Amino acid sequence: MRAPRRPIHTIWTWARRQPSKVQAFLAVVSGMAALVLLRFIVHDHDNLFVAAEAVHSIGISVLIYKLMKEKTCAGLSLKTQELTAMFLAVRLYCSVVMEYDIHTLLDLATLVTTLWVIYMIRFNLKSSYMEDKDNFAIYYVVVPCALLALFIHPSTSHHLLNRISWAFCVYLEAVSVLPQLRVMQNTKIVEPFTAHYVFALGVARFLSCAHWVLQVLDTRGHLLVALGYGLWPSMVLISEIVQTFILADFCYYYIKSVFGGQLVLRLPSGVLLRRQFKTLLHLVQDCRHS
């Protein structure tokens, strides 16, 4: 006799069978519901940004623990770490010349640990690096992000180079995890420490996205005006939303695996990239028509 299916699993299975436009609508509704819940639970929404930084730090700590204890970098994408170091270095530069606050120190610490991870993968643990699986061409994201930053950047009083650099790191951060998703898509199996790290990235980016959206709501749109005019304020929010969408499917399979008592995460073929891009494409098309 078959065991009864859990309501959450039944609802998710039904949602995944729907057309892409319906999935996009359901994703937006779910996101809005989560934001409403956070708005009532968290009174100071700046704490969401702090929480995002804390969760990101936990993810990096798990990654370092994996490299030091297991002496292997199998399943990790060197290209994602290089993209992360790239946008962190640019953001650190922008933070020093434009703001210089506590986030400058946080970015510096994160950059140092990321560079250490890159060193470990390239030299100490090179024999376990799955180079054939890490086959995402990073210029597919670096070049479009650079071109987009040239045309859409803040309209503040800072030097033009600093404003373009700021926009570049925002865009690059949004897509920096794509090579890691490609590795996991190619291997189909994700070992626990890598899964914990990527899940932490997903949670951190959702909290960061929630922080921006709730800040806009709290200021009744004045925050967007403070960011400048033109397309830039909208692109900041879109970049945050894109980060959350990219990791949404993985986070679902991670939670499903944890509650199912599975130590190794097994992913369906093509689930991590194709579905997200189709859903995001429909979202962009709907925004154009509206």
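Here a student and a tutor talk through a predicted model, asking what stands behind its labels.

Student: Let's start with the overall fold. What makes up the protein in terms of helices and strands?
Tutor: The protein has 12 helices and 2 strands. Reading from the N terminus, the order is α-α-α-α-α-α-α-α-β-α-α-α-β-α. Buried residues account for 47% of its 290 residues. Among contacts between residues at least 6 apart in sequence, 78% join residues at least 24 apart.

Student: Now T114. Why is T114 called buried?
Tutor: The cut-off for buried is under 20% relative accessible area. T114 has 3% relative accessibility, so T114 counts as buried. T114 sits in helix α5, residues 102–124, and α5 has other buried residues, including T110, L111, V117 and I118.

Student: Why would T110, L111, T114, V117 and I118 be spaced like that among the buried residues of α5?
Tutor: Here the general geometry helps. An α-helix has 3.6 residues a turn, so residues three or four places apart point the same way.

Student: What makes the link between T114 and T110 a polar contact?
Tutor: A pair of N or O atoms has to lie within 3.5 Å, with one able to donate a hydrogen and the other to accept it. The side chain of T114 reaches the backbone oxygen of T110 at 2.8 Å, so the distance fits that cut-off. Leaving aside residues up to four places away in sequence, T114 also touches Q81, T84, A85 and L88.

Student: How do you know that the span of α5 is close to what is expected?
Tutor: The expected span is 1.5 Å times one less than the number of residues. For the 23 residues of α5 that gives 33 Å, and the helix reaches 32 Å from its first C-alpha to its last.

Student: On to T80. Is T80 buried or exposed?
Tutor: Buried: its relative accessible area is 1%, and the label needs under 20%. T80 is found in helix α4.

Student: What does T80 touch beyond four places away in sequence?
Tutor: T80 touches S176, V177, L178, P179 and Q180. T80 and L178 are 98 residues apart in sequence, yet their C-alpha atoms are 7.1 Å apart in space. There's a side-chain link too: T80 reaches the backbone nitrogen of Q180 at 2.8 Å.

Student: What makes an empty space a cavity and not a pocket?
Tutor: In a cavity the 1.4 Å probe fits but cannot get out, whereas a pocket is an open set. The structure holds 1 cavity of 30 Å³ or more, and the largest cavity has about 80 Å³ of space.

Student: Which residues lie nearest the centre of the largest cavity?
Tutor: H56, Q81, T84, Y197 and L201, out of 15 lining residues. Helices α3, α4, α5 and α9 each supply at least two of the lining, and α4 gives the most, with 4 residues. By class, that lining has 7 nonpolar, 7 polar and 1 charged residues.

Student: And how much space lies in the second largest pocket?
Tutor: About 820 Å³. Of its 32 lining residues, F49, R91, W166, E173 and W212 are the closest to the centre. Helix α9 gives the most to this lining, with 7 residues, and the lining of the second largest pocket has 14 nonpolar, 9 polar and 9 charged residues.

How values were computed
Residues numbered from 1 in each chain as written. Predicted model: local features only at pLDDT ≥ 70, side-chain atom pairs only at ≥ 80, totals over all residues. Heavy atoms only, no water. Buried < 20%, exposed > 50% of the residue type's maximum accessible area, 1.4 Å probe, protein only. Contact = heavy atoms within 4.5 Å. 1 Å grid on protein atoms, 1.4 Å probe; cavity = no way out; pocket = protein on both sides within 12 Å on 5 of 7 lines; lining within 4 Å. Points joined across faces, edges and corners; volume = space filled by probe spheres on them. Nonpolar A, V, L, I, M, F, W, Y, C, P; charged D, E, K, R; others polar.
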